[in-house]
Amino acid sequence: MGEVTEGDNGKVNGGGGGGGGGEGEVRVLVVDDSAVDRRIVEGLLKRSGTMFEVIAVDSGKKAMEILGLNEGKAESPTVNDKKIDIILTDYCMPEMTGYDLLKAVKEQSCPKSIPVVIMSSENEPQRINRCRAIGADDFILKPLQTKDVQKLRSYATSMALASKAGTKRKMPLDLMGENSGSERIPHLAGVAVA
């Protein structure tokens with residue numbers, strides 16, 4: 001599994017064995033000004049299996065460069081010609097916050113917006129609602145845990161299903177509207193939600 005991290009010189013470096021970004025692998029752009037938090041997230045994603053390829057940067061501005069949003073491009077964001085699938089960003093960062101990055105990503109004119117998950121060590125309902133209101137796919141409390149990685153995996157699964165031509169898109173129940181125009185309401189029998 002390939003890995004891209006930021007080197008001491010501030011540049012984004014590709015690493016790991018050849019063939020990273022293979023089919024079924026999800027490229028996660030991790031944005032956090034804390035080196036410790038970036039390492040924790042990278043470690044959790046790597047230990048979860050070979051599903052995730054991690055690209056880690058220390059600022060929203062560097063994320064914007066990787067996403068090609070500084071030049072006003074509206075094409076699919078790539079690193080080494082491989083598409084970014086999910087953005088996992090800290091909320092509180094200097095210069096450009098995770099909220100600002102989320103806003104920039106959601107305002108781009110790409111046909112399919114990249115899922116953005118916000119992380120924060122502070123559980124502030126107003127902050128969470130503010131992020132969700134402009135399109136955050138999730139809000140995760142730090143430190144990241146195994147259950148959070150499973151959530152990321154579900155976004156990746158939803159994306160993979162949506163990208164296959166001619167297949168129906170499966171969507172997590174929490175992303176479905178209350179009554180999206182039809183009277184069919186999903187029933188879950190014998191399922192406990194923690």
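Q: Which residues of helix α1 are buried?
A: This is a predicted model, in which local features need pLDDT of at least 70, side-chain atom pairs count only at pLDDT 80 or more, and totals for chains, interfaces and linings use all residues. Residues are numbered from 1 along each chain as its sequence is written, and side-chain values use heavy atoms, leaving out hydrogens and water. Buried means under 20% relative accessible area, exposed means over 50%, and partly exposed falls in between (1.4 Å probe, protein chains only). By that rule, the buried residues in α1 are Arg-38, Val-41, Glu-42, Gly-43, Leu-44 and Leu-45.

Q: How far does helix α1 reach from its first C-alpha to its last?
A: Helices are DSSP runs of H or I with at least four residues, strands are E runs of at least two, and both are numbered from the N terminus. Helix α1 covers residues 35–47, so 13 residues in total, and the expected span is 1.5 Å times one less than the number of residues. The model comes close to that expectation, with a reach of 18 Å.

Q: Which residue just after α1 takes a positive phi?
A: Here's the background: most residues other than glycine have a negative phi, and most peptide bonds are trans. Just after α1 there is a phi of about 125°, and it belongs to Gly-49.

Q: In what order do the elements of the chain run?
A: Altogether, the chain has five helices and nine strands. Starting at the N terminus, they run β-β-β-α-β-α-β-β-β-α-β-α-β-α.

Q: Which residue does UniProt mark with the feature "modified residue: 4-aspartylphosphate"?
A: The feature comes from an unreviewed UniProt entry. UniProt positions follow the numbering used here, feature names are shortened, and annotations may be inferred rather than shown by experiment. The marked residue is in strand β7, which spans residues 86–90. According to the record, it is Asp-90.

Q: Is Asp-90 buried or exposed, and which residues is it in contact with?
A: With a relative accessible area of 6%, Asp-90 is buried. Contact means heavy atoms within 4.5 Å. Setting aside neighbours within four places in sequence, the contacts of Asp-90 are Val-31, Asp-32, Asp-33, Gly-98, Met-119, Ser-120 and Lys-142.

Q: Which residues touch the most other members of the largest nonpolar core?
A: A nonpolar core is a set of buried Ala, Val, Leu, Ile, Met, Phe, Trp, Tyr and Cys residues joined through side-chain atoms within 4.5 Å. The largest one in this chain has 26 residues, and the members touching the most others are Leu-29, Leu-67 and Ile-87.

Q: Which element supplies the largest share of this core?
A: Elements giving the largest core at least two residues each include β3 (26–31), β4 (52–57) and α2 (60–67), along with β8 (116–120) and α4 (125–133). The largest share, five residues, comes from α3.

Q: Which two residues does the cis peptide bond join?
A: The bond has an omega of about -5°. Its proline, Pro-143, lies in the loop between β9 (138–141) and α5 (146–163). The bond joins Lys-142 and Pro-143.

Q: What is the phi of Glu-95?
A: Glu-95 lies in the loop between β7 and α3, and at 70% relative accessibility Glu-95 counts as exposed. It is not a glycine, yet its phi is positive, at about 65°.

Q: Which residue does Lys-142 meet in a salt bridge?
A: A salt bridge is a side-chain nitrogen of Lys or Arg within 4 Å of a carboxyl oxygen of Asp or Glu. Here the N to O distance is 2.9 Å, and the pair links distant parts of the chain, 105 residues apart. Lys-142 is buried, with a relative accessible area of 17%, while its partner in α1 counts as partly exposed at 23%. That partner is Asp-37.

Q: Which residues form salt bridges with Asp-138?
A: At 6% relative accessibility, Asp-138 counts as buried. One bridge spans 3.2 Å, N to O, and in the other the closest N and O atoms are 3.7 Å apart. The partners are Arg-132 and Lys-151.

Q: Which residues do salt bridges that share partners join into one network?
A: The structure holds twelve salt bridges. Through shared partners, one network joins Asp-32, Asp-37, Asp-90 and Lys-142.
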